[in-house]
Amino acid sequence: MVGQAFVLGAGLGTRLRPLTDELPKPLVPVFGKPLITFALDHLAAAGVEKFVVNTHHLPQAFEKVFPGRSYLGRKVILLHEPDLLETGGGLKNAQSLLGDKPFFVYSGDVLTDLPLAPLLEEHLRRQNDVTLALRDTGLAREMAFRDGRVIDIGHLHGHPGELDFANVSIWNPSAFDLFSLGEKVSFIPVLGKWIGQGGKIGGVIIEEGEWFNLGSPAQYLDVHAAIAQKNWRPEYLRPNEWPVRVAADAQVDPGAEIRGYSAVGAGCSIGAGAVIDDSILWSGVQISPRTQLKRCIVRAGRAIAGAQTDVIV
């Protein structure tokens, strides 16, 4: 069993702007639940007892999501990076907290229920240095994979890739030696070079389960639509916990309509005659009577009125 995880939470989420102007991407709500908490639930179900989460953009927002530095009774260590170190530099920065045992590395901005057991089994069976979850995500094909080994990344060694990295992996602590403290570097190209130096980079093709990308505001809406259409709910979540279409404390006038894949956050108020169609309302949103929203995203604490389509407030 792998009992600890490094969860990447320090990205800037530039493609998701303006949503990430006031919330780090890992904390944007998906049907009322902060995105990064899906990763923690997934890992906790696999036996992880300690989470190290790196932060950079709006670190105080993480403090609000993890009061007492815990989640599901498990320890959450928030490791702030004043200067963004990227994935490899962030990993090296967490070395003292992760120690000398294997650990998961999981992107805090990915939403998936791909099975983790095959990844763990392959890592232990093949005694890899690093084992990557591989998938046809439709976004990239940089991973060349043969006979249980990743033999190339990004065509560095002349082998064309056919798979993508699914942003979930298991690492041995020996990999810390690849990076220097304070170095700003992504770990993917470093792993590519390590392959040529004898590093044992394994992989498992995992096409089971769902894997959602929230790369833009449009994709943010698309993910809500897909979840609603598929009635998707990962098994690692507790029963009846999610999705939350309308928060329990939201005040919705009996004459208002909530349609499609809409989500209404905590503390929202929706006036009489309002129609909320395929729109996401974050917490504390105030909707005036007779307002009509179609494919809109309304960020926390905003007020809106009138007829609006395809806008971010």
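**Exercise 1. How many helices and strands does the secondary structure of the protein chain come to?**

Solution. The model is predicted: local features need pLDDT of at least 70, side-chain atom pairs count only at pLDDT 80 or more, and totals for chains, interfaces and linings use all residues. Residues are numbered from 1 along each chain as its sequence is written, and side-chain values use heavy atoms, with hydrogens and water left out.

Step 1. Elements are DSSP runs numbered from the N terminus, with helices (H or I) of at least four residues and strands (E) of at least two.

Step 2. The protein chain comes to seven helices and 25 strands.

**Exercise 2. State what radius of gyration a compact globule of 313 residues would have, and set the protein chain against it.**

Solution. Step 1. The radius is taken over C-alpha atoms, and the globule rule is 2.2 Å times the number of residues to the power 0.38.

Step 2. For 313 residues a compact globule would have a radius near 20 Å; the protein chain has 21 Å, which agrees.

Step 3. The C-alpha trace spans about 65 × 40 × 35 Å along its principal axes.

Step 4. Of the 313 residues, 52% are buried (buried is under 20% relative accessible area, exposed over 50%, partly exposed in between, with a 1.4 Å probe and protein chains only).

**Exercise 3. Give the strand order of the open sheet formed by four strands, and explain what is left at its edges.**

Solution. Step 1. Two strands pair if DSSP finds at least two bridges between them.

Step 2. The order is β15-β18-β21-β24, with parallel pairing.

Step 3. β15 (251–252) and β24 (303–304) stand at the edges with a single partner strand each, so one side of each has no neighbour in the sheet.

Step 4. Strands β18 (residues 269–270) and β21 (residues 286–287) run parallel and are joined by two bridges. Opposite Ile270 stands Ile287 in β21.

**Exercise 4. Describe the largest pocket and the second largest pocket by volume and lining.**

Solution. Step 1. On a 1 Å grid over the protein atoms alone, a pocket is an open set of points with protein on both sides within 12 Å along at least five of seven lines; lining residues have an atom within 4 Å of a point. Points are joined across faces, edges and corners, and a volume is the space filled by probe spheres set on them.

Step 2. The largest pocket holds about 910 Å³. Of its 33 lining residues, Arg15, Thr87, Ser107, Asp109 and Asn167 are the closest to its centre. β12 gives the most to this lining, with three residues.

Step 3. The second largest pocket holds about 530 Å³. Of its 27 lining residues, Leu23, Leu27, Pro29, Ser283 and Ala300 are the closest to its centre. Here α2 gives the most, with four residues.

**Exercise 5. Is Ser279 buried or exposed, and which residues is it in contact with?**

Solution. Step 1. Ser279 lies in the loop between β19 (275–277) and β20.

Step 2. Its relative accessible area is 0%, so Ser279 is buried.

Step 3. Leaving aside neighbours within four places in sequence, Ser279 is in contact (heavy atoms within 4.5 Å) with Tyr261, Ser262, Ala263, Leu293, Lys294, Arg295 and Cys296.

Note on methods:
On a 1 Å grid over the protein atoms alone, a cavity is a set of points where a 1.4 Å probe fits but cannot get out, and a pocket is an open set with protein on both sides within 12 Å along at least five of seven lines; lining residues have an atom within 4 Å of a point.
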